[in-house]
Amino acid sequence: MKRDEKKEECIFCKIVKKEIPSAEVYEDELVKAFLDINPVTYGHTLLITKDHFPLMTDVPDEVVSHAFKVAKRLMKNIKKAYKADFVTLAVVGIDVCHFHIHLIPRKRSDGIPIFWPTGEYEEGEMEREAERIRSHISKDLKV
Ligand SMILES: [Zn+2]
């Protein structure tokens, strides 16, 4: 399937074009934030780019920078609005193929588990795995 075909049926693009209604909380020229219809907690907000980019790695630097600046401010506002202890920020990347940031107001007592299992490294594996990443770091990493 071509990227353009996906864009036409993308639910987030339809929300940007107002073909599908959303409970909007913020919008500017580059991003839009609205409530997730299946919230982890009340106030669970999705911040999306207005243009269609499947993954965060597809988003131009200036747009992704703007999105995270807005996310930081929204986190403060959402924390206040819900008297939350903290706001979880997550970029999952497997549910809807249009870059989006989850902002989820949380209480320490909410009982929501960490959503992935964790493991441990064997002796020496951490350095080996760090070197695996370091050997793939491109020269454009410095911003
Ligand atoms: Zn889209």
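This report describes the sheet of a predicted model.

## Basis of the model

Residues are numbered from 1 along each chain, following the sequence as it is written. Because the model is predicted, local features need pLDDT of at least 70 and side-chain atom pairs count only at pLDDT 80 or more, whereas totals for chains, interfaces and linings use all residues.

## The sheet as a whole

Five strands (DSSP runs of E, at least two residues, numbered from the N terminus) make up an open sheet, in the order β1-β2-β3-β5-β4, with antiparallel pairing. The edge strands, β1 (24-27) and β4 (86-90), each pair on one side only, where two strands are said to pair if DSSP finds at least two bridges between them. From one strand to the next the twist averages 20°, with angles running from 0 to 180 degrees between the N-to-C directions of axes, which are lines fitted to C-alpha atoms.

## From β1 to β3

Strand β2 (residues 31-35) is joined to β1 in the antiparallel sense over three bridges, and F34 in β2 is the bridge partner of E24. β2 also runs antiparallel to β3, with five bridges joining them, and here L35 stands opposite T45 in β3.

## Strand β3 and its neighbour β5

In strand β3 (residues 45-49), five of the five residues are buried, a term that requires 20 or more other C-beta atoms within 10 Å of the residue's own, with C-beta atoms placed from the backbone. In a regular strand the side chains alternate between the two faces of the sheet. In β3, T45, L47 and T49 point one way, while L46 and I48 point the other way.

Four bridges join β3 to the antiparallel strand β5 (residues 100-106), where I101 stands opposite L47.

How values were computed
A residue is buried if 20 or more other C-beta atoms lie within 10 Å of its own, exposed if 12 or fewer, and partly exposed in between; C-beta atoms are placed from the backbone.
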